[in-house]
Amino acid sequence: MTTDIIDLLAGISPGDALDAVRDQRPQARENAQRSFEALLEPAEPGTFPLDERYAVAAFTARLHAFAEATAFYDDLLADEAPELAAAVATAASAAATDGPYGEYREPGLAAESRAGLRWVPDAGTIAAAGPRLAAALAHTHLLVFRPREARPEALQALTDAGWSADDIVSLSQLVAFLSFQLRLAWGLRALAAASVPVLATSATSATSAASATEGA
């Protein structure tokens, strides 16, 4: 049986109240798992290899300060490319900040612009990770913390580092998915920790509905 990654990151076990809650939206649950498989475990990764995908994932998890996700993606990276693990961890430590922030181009939104870290890889990161992956990490930082500045001109650094148009799209999709996945798993952990009564109610309702269906 395939492990549901969001359940794993959220600490959800079969039969938990949150497991029943998630079961009420089976298509959303299935789509999230399929997205993980397509973006992080593709049968044919092509010119965006698994080691780069795992490095981006480990970096993103660290930027979100999500310990369980960091451990999970660090393990994937260590199995695929252990030589990159230290470089990614060091880069993430240097790139850590709070967001989102950035500048709006639209005059009506200019007042909402907020300054923040514009992280770029240093010489040590470029040497350890390589120019191509270093450019991907910088773009990941942009998408996580300064999404309002993700404009066409921001892609030039990726192109200069050898990223094709198709791989740039895949990289952006990967970071967007990871941000969704990590925030959902974090939110589920927060709900479980708070022991919100609605969880038990929802679980009971889901179980009753399933029993009624089976008896029909």
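Here is a short chat about helix packing and the nonpolar core in a predicted model.

Student: How many residues of helix 4 are buried?

Tutor: Buried here means under 20% relative accessible area. Helix 4 comes out mostly covered, and the buried set includes Y54, V56, F59 and L63. Its cover includes helix 3, helix 5, helix 6, helix 8 and helix 10. The count for helix 4 is 11 of 14.

Student: What should helix 4 span at 1.5 Å a residue?

Tutor: Helix 4 has 14 residues, and its end C-alpha atoms sit 20 Å apart. That agrees with the expected span, which is 20 Å.

Student: Which residue with a positive phi follows helix 4?

Tutor: Look just past the end of helix 4 for a phi near 55°. The residue with that angle is A65.

Student: Why is helix 8 largely enclosed by the rest of the structure?

Tutor: Helix 8 covers residues 131-145 and reaches 21 Å from first C-alpha to last, close to what is expected. It's largely enclosed because of how many of its 15 residues are buried, namely 14.

Student: Which helix gives the largest share of the largest nonpolar core?

Tutor: That core has 54 residues, with L40, V56, F59 and Y73 having the most contacts inside it. Elements giving two or more residues include helix 3, helix 4, helix 5 and helix 10. The largest share is nine residues, and it comes from helix 10.

Student: Which residues of the 178-182 stretch does Y73 touch?

Tutor: Leave out residues up to four places away in sequence, and Y73 still touches F36, L40 and Y54, among others. From the stretch you asked about, the contacts are L178, Q181 and L182.

Methods: Residues numbered from 1 in each chain as written. Predicted model: local features only at pLDDT ≥ 70, side-chain atom pairs only at ≥ 80, totals over all residues. Heavy atoms only, no water. Helix = DSSP H or I, 4+ residues; strand = E, 2+ residues; numbered from the N terminus. Expected span 1.5 Å × (residues − 1). Buried < 20%, exposed > 50% of the residue type's maximum accessible area, 1.4 Å probe, protein only. Core = buried A, V, L, I, M, F, W, Y, C linked by side-chain atoms within 4.5 Å. Contact = heavy atoms within 4.5 Å.
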